[in-house]
Amino acid sequence: MTISSTEATPLATTSCGAPSAAVALFRSLGDPARLAILRRLAEGEARVTDLVNCVGLAQSTVSAHLACLRDCGLITSRPQGRATLHSLARPELLDLLASAEQLLAATGEAVDLCPTYGTHSETEEPTR
């Protein structure tokens, strides 16, 4: 999917013209726990217990995030004995995460300081 698609069958879009699927993708990546899980899975397969240790959340919470990522088609799971191993479903996700890191390196602290979405947006009033 390209965000500026010229395909014969247009993608469903939001009221502002953004492709709905892209909005859903970035929303799924926007949760800190899900992003941490994906970053860990970028290193290789992991069990729920590995991910619990990595993100520091309850097993049920990690499992719920994994279900969301699986429903979005971003991860796959396979049984191994009594455990289940989770992995990235698409190698393009590695490219997306790498591109995001490059973009963040290029913008410096601007994204982090954003009054709407930056790290201090929930705890501080934006300075105008």
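**A walk from C68 through the helices**

C68 is partly exposed, its relative accessible area being 25%, and in this predicted model that residue makes a convenient place from which to begin. C68 takes part in no disulfide, since the nearest cysteine sulfur, which belongs to C72, lies 4.4 Å away, whereas a disulfide requires two cysteine sulfur atoms within 2.5 Å. The structure as a whole holds 0 disulfides. Another cysteine, C54, likewise counts as partly exposed, with a relative accessibility of 42%.

To place these residues, it helps to step back to the chain, which has 5 helices and 2 strands and which, when read along the sequence, follows the pattern α-α-α-α-β-β-α. Of the 128 residues in the chain, 21% count as buried. Among the contacts that join residues at least 6 apart in sequence, 38% link residues at least 24 apart.

C68 also belongs to a meeting of two helices, in which A33, R34, I37 and L38 of α2 come into contact with V62, H65, L66, C68 and L69 of α4. The residues of this contact divide into 7 that are nonpolar, 1 that is polar and 1 that is charged. The two helices, α2 and α4, pack at an angle of about 75 degrees, and their axes are 10 Å apart. Because angles from 65 to 115 degrees count as roughly perpendicular, α2 is described as roughly perpendicular to α4.

Several of these residues appear again in the largest nonpolar core, which has 15 residues, and among these I37, L38, L41, L51, V62, L66 and I75 touch the most other members. The elements that contribute two or more residues to this core are α2 (32–41), α3 (48–55) and α4 (59–71). In soluble globular proteins, nonpolar side chains tend to be buried together. L51 gives a view of the surroundings of one core member: setting aside residues up to four places away in sequence, L51 touches I37, R40, L41, A46, G56, V62 and L66.

A last stop is S28, which is located in helix α1, covering residues 20–29. Is S28 buried or exposed? With a relative accessible area of 4%, S28 is buried, because the cut-off for a buried residue is under 20%. When neighbours within four places in sequence are left aside, S28 is in contact with R34, C72 and L74. Two of these partners have been met before: R34 in the contact of α2 with α4, and C72 as the cysteine whose sulfur is nearest to that of C68.

Key
Residues numbered from 1 in each chain as written. Predicted model: local features only at pLDDT ≥ 70, side-chain atom pairs only at ≥ 80, totals over all residues. Heavy atoms only, no water. Core = buried A, V, L, I, M, F, W, Y, C linked by side-chain atoms within 4.5 Å. Buried < 20%, exposed > 50% of the residue type's maximum accessible area, 1.4 Å probe, protein only. Helix = DSSP H or I, 4+ residues; strand = E, 2+ residues; numbered from the N terminus. Contact = heavy atoms within 4.5 Å. Axes fitted to C-alpha atoms, helices over the stretch in contact; angles between N-to-C directions. Parallel < 35°, antiparallel > 145°, perpendicular 65-115°, else oblique. Nonpolar A, V, L, I, M, F, W, Y, C, P; charged D, E, K, R; others polar.
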